[in-house]
Amino acid sequence: MSYSTSLFSKNLKIENENDFGGTISIASCSATALTKEFGSPLFVLDQADFADRVNAWQQALTQSFTGGKLYYAAKSFICVEVAKWLNELNVNLDVCTGGELAVALAAEFPAKRIEFHGNNKSVAEIEMAVSAGVGAIVIDSFVEIERVAQVAATAGKKQNVYVRLTPGVEAHTHEFISTAHEDVKFGFSIASGAAMQAIEKCLAQESLNLIGVHCHIGSQIFEVTGFTLAAQRLVAALAAVRDKFGKELPELNIGGGYGIAYTKNEKAIAPDEVLPVLAKVIKDECAKANLKVPTISIEPGRAIVGPTTTTIYEVGTTKSVTLEDGTQRRYISVDGGMSENIRPALYGATYSAFLANRTSTAKSISSRIVGKHCETGDILIFDLQLPEDIAPGDLLAFPATGAYGRSMASNYNHMPRPAVIAVKDGAARTILRRENQADLLSLDVIEVPRRLS
Ligand code: LLP
């Protein structure tokens, strides 16, 4: 099993390919046939690639650490069908809201293999998690220590918890997806002493069983050193806990964040590139501190689902504008936009697009791909070269759109969110249906006002 570090899903093929694309098929389902059957825009998920990626991370984890635990980060993309695959693949699940937990439970995902994250879990969400019997709750604030302890005590349970620590690592990624420097809302700072206080408070709670420490340094990270530095600081925290409280915590969870390719020039960070290095650092640090090597967990989301999915759009209109320097820019408008891919507008994320329904040998021109929202910033790709004969009805494929696309989709401008289709061995099926206007209208209520006392 080879791990693909390119932006394309493993079973994506381009017939008569040139730099602009060609006739694209995924798992032998052509983009044209898929959009004819299921409409557009469309998220097309390569199911076999998904399983291969899960297995590659699992295998590298097992080879690097005995008994390592793989959690899939549901926030990157989850639906009932995907939760079922994850269950069959025998991995664990990281959820961070009652909504994500509800999807997992609807898929009959075993609660003991779920961990529950979040910096502001409500009492109702904690009650839901405790009564479902989740394997662990990741504690993120002092308020929450009391909250979880109270809920567990009322339920007559001893709840396994991790404490989320902030190791003070500056991850080299966009500020909004960097999570482990000091000035963030997540976790307890190791440097300020808050981490040790939180651990002490958890240990003092009868209804909590502190099983380890957690950190997540950020997302879309390519440098192994960010992960190793965080791991070193977490091992030091485990040693400090042992020295102060005489207790060796059995688990260390280092979160997700492994970067993927979005353009042809980028290369994903591979599991067998990062995990053996991380394992060596953790083992060396534990040996130095005379600690037993804890059970290691990781929580990739993007690295598993991101490259599996290609979004197919249909071109609706094109137009040319004259720039100040007299050159032309061609705008290509597709039938989606910032509602199913907010990442370019929110993080300045870059993507690639390929002609998907035919091969064009026309001259290339500078193009900007935009959505159909009433917003100037509704830009999917700022500038790329595409053939000048692209016309309404052509299909464009955006690879590597499986993570944080559908999961962050909105209904801005009352746009129904697109379907997700799983493809495998020449067959396609809906795993998340397209919303329709009736779905959106179903939320509208015409009610007689009621006085509230
Ligand atoms: N674990 C924790 C605690 C997390 O907060 C996250 C992501 C992950 C794991 C998974 O990270 P991944 O392996 O997928 O990078 N919306 C942003 C990404 C936000 C990530 C939030 N937390 C984006 O589109 O880039």
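1. Let's start with the annotated stretch. UniProt, in an unreviewed entry, places the feature "domain: Orn/DAP/Arg decarboxylase 2 C-terminal" at residues 308-402. Keep in mind that what you're looking at is a predicted model. Over residues 308-402 the chain is 45% strand and 5% helix. Try finding the two ends of that stretch on screen: their C-alpha atoms are 6 Å apart.

2. Now zoom out to the whole chain. How is the protein chain divided? There's domain 1, made of 12-46 + 307-441, and domain 2, which covers 117-300. Notice that domain 1 is written as two segments of the chain. The C-alpha centres of the two domains lie 36 Å apart. Where domain 1 and domain 2 are in contact, ten residues come from domain 1 and eight residues from domain 2.

3. Next, the ligand. It has 19 residues around it, and the closest are Ser-219, Glu-299, Arg-343, Tyr-347 and Tyr-404. Which domains supply this shell? Both do: domain 1 and domain 2 each give at least three residues. By character, the shell splits into six nonpolar, seven polar and six charged residues.

4. Some individual contacts are worth clicking on. A polar side-chain atom of Arg-302 sits 2.8 Å from an oxygen atom of the ligand. For Lys-75, a polar side-chain atom is 3.3 Å from a ligand oxygen. Gly-301 does it with its backbone instead: an N or O atom there lies 3.0 Å from an oxygen atom of the ligand. How much of the ligand does the protein bury? Taken alone, the ligand exposes 580 Å², and the protein buries 92% of that.

5. Last, two backbone spots for you to check. Most peptide bonds are trans, and most residues other than glycine have a negative phi. The peptide bond from Ser-40 to Pro-41, though, is cis, with omega near -5 degrees. You'll find Pro-41 in the loop between α1 (31-38) and β4 (42-46).

6. The other spot is Ala-27. Its phi is near 50 degrees, a positive value in a residue that isn't glycine. Ala-27 is in a loop as well, and its neighbours along the chain are the strands β2 (21-26) and β3 (29-30).

Definitions and conventions:
Residues are numbered from 1 along each chain as its sequence is written. This is a predicted model: local features need pLDDT of at least 70, side-chain atom pairs count only at pLDDT 80 or more; totals for chains, interfaces and linings use all residues. Side-chain values use heavy atoms; hydrogens and water are left out. A residue is near a molecule or strand if one of its heavy atoms lies within 4 Å of it. A polar contact is a pair of N or O atoms within 3.5 Å; within protein, one must be able to donate a hydrogen and the other to accept it, and residues adjacent in sequence count only if both atoms are side-chain atoms. Accessible areas come from the Shrake-Rupley method with a 1.4 Å probe; for residues, only the protein chains shown count as cover. Ala, Val, Leu, Ile, Met, Phe, Trp, Tyr, Cys and Pro count as nonpolar, Asp, Glu, Lys and Arg as charged, and the others, Gly among them, as polar. Domain bounds come from an automatic or database domain assignment. UniProt positions are given in the numbering used here, feature names are shortened, and annotations may be inferred rather than shown by experiment. Helices (H or I, at least four residues) and strands (E, at least two) are DSSP runs, numbered from the N terminus. Contact means heavy atoms within 4.5 Å.
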